[in-house]
Amino acid sequence: MDIRQIDEDFAVTGQISPDDVRDIVAAGYQALICNRPDGESPDQPDFAEISQVAEKAGIPIYYVPVISGQLTQDDVDAMAAALDEASGPVLAYCRSGARSTNIYGIVQQRKG
């Protein structure tokens with residue numbers, strides 16, 4: 001996992017595995033946001049697999065899938081809602097972390 005800190009309460013990474021959840025919790029993250037739709041690549045774990053492990057680990061996880069290159073206002077609204085509900089620090093992930101970074105930036109600009 002290559003975690004990149006965006007600001008004090010938000011970081012991004014590429015695709016995580018169910019086994020990564022324990023390390024994410026140990027690193028102090030208090031919520032996860034998945035910005036990657038299921039089935040984007042054949043080797044990708046489904047959101048349900050990661051969600052099940054996160055639930056057992058006691059970390060809330062939000063599913064805000066964004067199709068690469070097709071960000072919509074609904075996606076931005078869903079991300080804003082997840083961020084409002086989550087208590088930080090939050091770790092968001094997608095394939096590379098770029099979508100998570102972009103949508104977070106848009107949500108932050110909207111607040112400004």
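Mentor: Let's begin with a definition: rings of Phe, Tyr and Trp pair if their centres lie within 6.5 Å, and planes under 30 degrees apart count as stacked. Keep in mind that we're looking at a predicted model.

Trainee: How many aromatic pairs does a search of the whole structure find?

Mentor: Two aromatic pairs turn up when the whole structure is searched.

Trainee: What describes a pair of aromatic rings?

Mentor: You need the distance of the centres and the angle of the planes. Take Phe 10 and Tyr 104: their rings sit 3.7 Å apart, centre to centre, with 5 degrees between the planes, and the pair is stacked.

Trainee: Which parts of the chain does that pair link?

Mentor: Distant ones: Phe 10 belongs to strand E2 and Tyr 104 to helix H4, 94 residues apart.

Trainee: Are Phe 10 and Tyr 104 buried or exposed?

Mentor: Phe 10 is buried, and Tyr 104 is buried too.

Trainee: And what are the numbers for Phe 47 and Tyr 63?

Mentor: The rings of Phe 47 and Tyr 63 are 4.4 Å apart, centre to centre, with 25 degrees between the planes, so by the under-30-degrees cut-off they count as stacked. Here helix H2 (residues 47–57) supplies Phe 47 and strand E4 (residues 61–63) supplies Tyr 63, with the two positions 16 residues apart.

Trainee: Why does Phe 47 count as buried?

Mentor: Buried means under 20% relative accessible area. Phe 47 counts as buried because its relative accessibility is 14%. Its partner Tyr 63 has 34%, so Tyr 63 counts as partly exposed.

Trainee: Which residues is Phe 47 in contact with, leaving aside its neighbours within four places in sequence?

Mentor: Cys 34, Asp 38, Ile 61, Tyr 62, Tyr 63 and Tyr 93. You can also check a C-alpha distance: Phe 47 and Pro 37 are ten residues apart along the chain, and their C-alpha atoms are separated by 8.1 Å.

Trainee: On to the cores. Which residues touch the most other members in the largest nonpolar core?

Mentor: That core has 18 residues, and the ones touching the most other members are Phe 10, Ile 33, Tyr 62, Met 79, Leu 83, Val 90 and Val 107. At least two residues each come from strand E2 (10–13), strand E3 (31–34), helix H3 (73–85), strand E5 (90–93) and H4. H3 has the largest share of this core, at five residues.

Trainee: What is Ile 33 in contact with?

Mentor: Leaving aside neighbours within four places in sequence, Ile 33 is in contact with Tyr 62, Val 64, Met 79, Ala 82, Leu 83, Val 90, Leu 91, Ala 92 and Tyr 93. There's also a second, separate core of 14 residues, with Ile 16, Tyr 29, Leu 32 and Ile 50 among them.

Trainee: How about pockets: which residues line the largest pocket?

Mentor: The lining is made of Asp 9, Phe 10, Leu 83, Ala 86, Ser 87, Gly 88, Val 90, Tyr 104, Gln 108 and Lys 111. By class, that gives five nonpolar, three polar and two charged residues. The pocket holds about 150 Å³ of space, and helix H4 (residues 98–111) gives the most to its lining, with three residues.

Trainee: Where is a cis peptide bond?

Mentor: It joins Gly 88 and Pro 89, with omega at about 0 degrees. Pro 89 sits in the loop between H3 and E5, while Gly 88 is one of the pocket-lining residues.

Trainee: Which residues does Val 66 touch, not counting those up to four places away in sequence?

Mentor: Val 66 touches Asn 35, Pro 37, Leu 71, Asp 75, Arg 99 and Ile 103. Val 66 lies in the loop between E4 and H3 and is buried, because its relative accessible area is 3%.

Trainee: And where is the place of Glu 40?

Mentor: In the loop between E3 and H2. Glu 40 has a relative accessible area of 33%, so it is partly exposed. Not counting residues up to four places away in sequence, Glu 40 touches Ser 68, Arg 95 and Arg 99. Its C-alpha is 8.8 Å from that of Ile 67, although the two are 27 residues apart in sequence.

Trainee: Last one: how far apart in space are Asp 23 and Met 1?

Mentor: 9.7 Å, C-alpha to C-alpha, with their positions 22 residues apart in sequence. Asp 23 lies in helix H1 (residues 20–26) and is partly exposed, with a relative accessible area of 45%.

Terms used:
Residues are numbered from 1 along each chain as its sequence is written. This is a predicted model: local features need pLDDT of at least 70, side-chain atom pairs count only at pLDDT 80 or more; totals for chains, interfaces and linings use all residues. Side-chain values use heavy atoms; hydrogens and water are left out. On a 1 Å grid over the protein atoms alone, a cavity is a set of points where a 1.4 Å probe fits but cannot get out, and a pocket is an open set with protein on both sides within 12 Å along at least five of seven lines; lining residues have an atom within 4 Å of a point. Grid points are joined across faces, edges and corners, and a volume is the space filled by probe spheres set on the points. Helices (H or I, at least four residues) and strands (E, at least two) are DSSP runs, numbered from the N terminus. Ala, Val, Leu, Ile, Met, Phe, Trp, Tyr, Cys and Pro count as nonpolar, Asp, Glu, Lys and Arg as charged, and the others, Gly among them, as polar. A nonpolar core is a set of buried Ala, Val, Leu, Ile, Met, Phe, Trp, Tyr and Cys residues joined through side-chain atoms within 4.5 Å. Buried means under 20% relative accessible area, exposed over 50%, partly exposed in between (1.4 Å probe, protein chains only). Contact means heavy atoms within 4.5 Å. Rings of Phe, Tyr and Trp (its six-membered ring) pair if their centres lie within 6.5 Å; planes under 30 degrees apart count as stacked, over 60 as edge-to-face and the rest as tilted.
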